[in-house]
Amino acid sequence: MVRARLRLVAALGATLLIVGTLGWMWWSSLVPSTYSVMEMGYLDYGGGTRPPIAGHGMAGHGMTGHGMAGMSGTGHGNGGESRSVTDLDTDPDRPADVTVDLTARQQRFTLPTGEEIDGYTLNGSSPGPLITATVGELVEVHLHNASVPDGVTLHWHGVDVPNAEDGVAGVTQDAVPVGGDFTYRFVVPHAGTFWYHSHQVSHDQVVGGLLGPLVVQPRHRDTSVRDVVALAHLYGGAETVNGHAGHLQVDAEPGEQVRLRVINTDNGPLEIWSGEPLTLVATDGYDVHGPTPFTGRTVDVPAGGRADVLVAVADGGTRVQLTGDVSVVLGPDGARPPSVEQPERWLDRLHYGTPEATPLMRAKADRSFRYDIGHRLGFVDGRPGLQWSINGHLFPDLPMFVVEEGDVVRIRISNHSGDVHPMHLHGHHAVVLDRDGDAVSGSPWWVDSLDVRNGETYDIAFLADNPGIWMDHCHNLTHAAQGMVTHLMYAGVTEPFRIGGGAGNEPE
């Protein structure tokens, strides 16, 4: 009898311990209805200096806040002064070179195919209008929210804008409510292919079509090469390019050289191939050094990424395939070049092109960070299940990577989560150093969106030359909404915005 009672007491104790532990895990995972991203998680200095911090945490909700409001930097370029993200902006007195008006709506709209879609538009269409500028010009965009109920922002994906212009709700601005307006002003610092999209409830608004292309031309453009933008997007399960399902016909003469600017706006990777020789001339807005034509290879483009390919139009037209169901046909009206099967081999950008002296690739790092992506059981905001983890932690207890202006920064991104993750760092371009220990031997490979597949490890480097608070997240926006979001923070930078709150800011 005594043993039976002891067993019962032990069983009850074990049950209470398990229930109590699960209850504590559930409670500690709850996220407040409003908070600052600077109160999330924990500080990671990457082995560098530790600026003084005045803390104000929210540890009771798993947010081991580091309260940056009192932080004063001691780094290379901030002079010890505290700066708000709103101060990190474009010269207000400089006149605009390019002015664009965009009106955002939630509405039912018709694709070029004739199919009607419930989603979001800019100036009545999706994709929104192409914005073009020349490197060095100041672009001014007036955004008006006519009817997007959750509010809206615009993020300039791949353009290293000043932090105040980054368009992330709750981090660099408040979401623009219905009837509201916001003006973006930024100088385009680099020629290349980019795009813009909402960063408010982005997992819904981007999928729903609130996006558009942005092309920055060099000051001296080769006018003998035709420019064609090919923006790929999935509308309600239908693969499209520039809103067209099937194929996009582009009139071109045999022998003409075409620069096809492919933009992947979806959550998963996109593939490019052709029966004609292709030349990869740019990745994420940066030219490839010493590119050469290739055949029998597939070019992969991460979610959010861009790839510019050069192709000559064949006598019977040229088809460039973008995934299995859509293509761009270059040639005279009526040209129907045959489809070709996707090559089994991939173009390896580690070894494509020719080397070029890049000091950043050889520079000693001032800070080195680890970004280890996993998948484990746990709670996120009270929801149990398999969750994405970063360095073993779950949202919102994630690292805040702290840098100082002028730092050379290295990040080792490892993925053992069972899925591919297109990693996107705002405000900076990084150069790939190696993959799984295999060093780059071709052209420097610059990225702002990088697919890290399951089992892969990448080492990348960038120069901390754009002060602010920057998102560093998975651009599979469903993953981001599930908690795959960290931030890069410069010492001495603060922000006045809040996730949630009266503005209803919800960047992912």
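Where is Gly-180 found? The legends below take up that question and then move through the sheets of this predicted model.

**Close-up 1. Gly-180 sits in a loop between two strands.** The loop in question lies between β8 (155-157) and β9 (181-187). Is Gly-180 buried or exposed? With a relative accessible area of 14%, Gly-180 counts as buried, because the cut-off for that word is under 20%. Once its neighbours within four places in sequence are set aside, Gly-180 is in contact with Leu-143, His-144 and Asn-145. Take His-144 as an example: 36 residues separate it from Gly-180 in sequence, and the C-alpha to C-alpha distance between the two is 6.0 Å.

**Close-up 2. Strand β4 pairs with β7 and with β5.** Strand β4 (residues 98-110) runs parallel to strand β7 (residues 138-145), and seven bridges join them. With strand β5 (residues 116-122), β4 pairs in the antiparallel sense, also over seven bridges. Ala-104 is a handy residue to look for here: its bridge partner in β7 is Asn-145, and in β5 it stands opposite Leu-122. You may recall Asn-145 from the previous view, as one of the residues in contact with Gly-180. Five residues lie between the strands in the hairpin of β4 and β5, and in this hairpin Gly-114 takes a positive phi near 95°.

**Close-up 3. Four strands make an open sheet with mixed pairing.** Reading across, the order is β6-β11-β10-β8. At the edges are β6 (131-134) and β8, each of which pairs on one side only. On average, neighbouring strands of this sheet are turned by 25° against each other, direction ignored. To follow one pair in detail, start with β6 and strand β11 (residues 211-217), which run parallel and are joined by four bridges. Within this pair, Thr-132 has Val-215 of β11 as its bridge partner.

**Close-up 4. Six strands form another open sheet, again with mixed pairing.** Here the strand order is β13-β12-β15-β20-β17-β18. Why is one side of β13 and of β18 left without a neighbour in the sheet? Both β13 (238-241) and β18 (286-287) stand at the edges, and each has a single partner strand, so one side of each has no neighbour there. For β18, look to strand β17 (residues 279-283): the two pair in the antiparallel sense over two bridges. Thr-283 is a good place to start, as its bridge partner in β18 is Tyr-286.

How values were computed:
Residues are numbered from 1 along each chain as its sequence is written. This is a predicted model: local features need pLDDT of at least 70, side-chain atom pairs count only at pLDDT 80 or more; totals for chains, interfaces and linings use all residues. Side-chain values use heavy atoms; hydrogens and water are left out. Two strands pair if DSSP finds at least two bridges between them. Buried means under 20% relative accessible area, exposed over 50%, partly exposed in between (1.4 Å probe, protein chains only). Contact means heavy atoms within 4.5 Å. Axes are lines fitted to C-alpha atoms, for helices over the stretch in contact, and angles run from 0 to 180 degrees between N-to-C directions.
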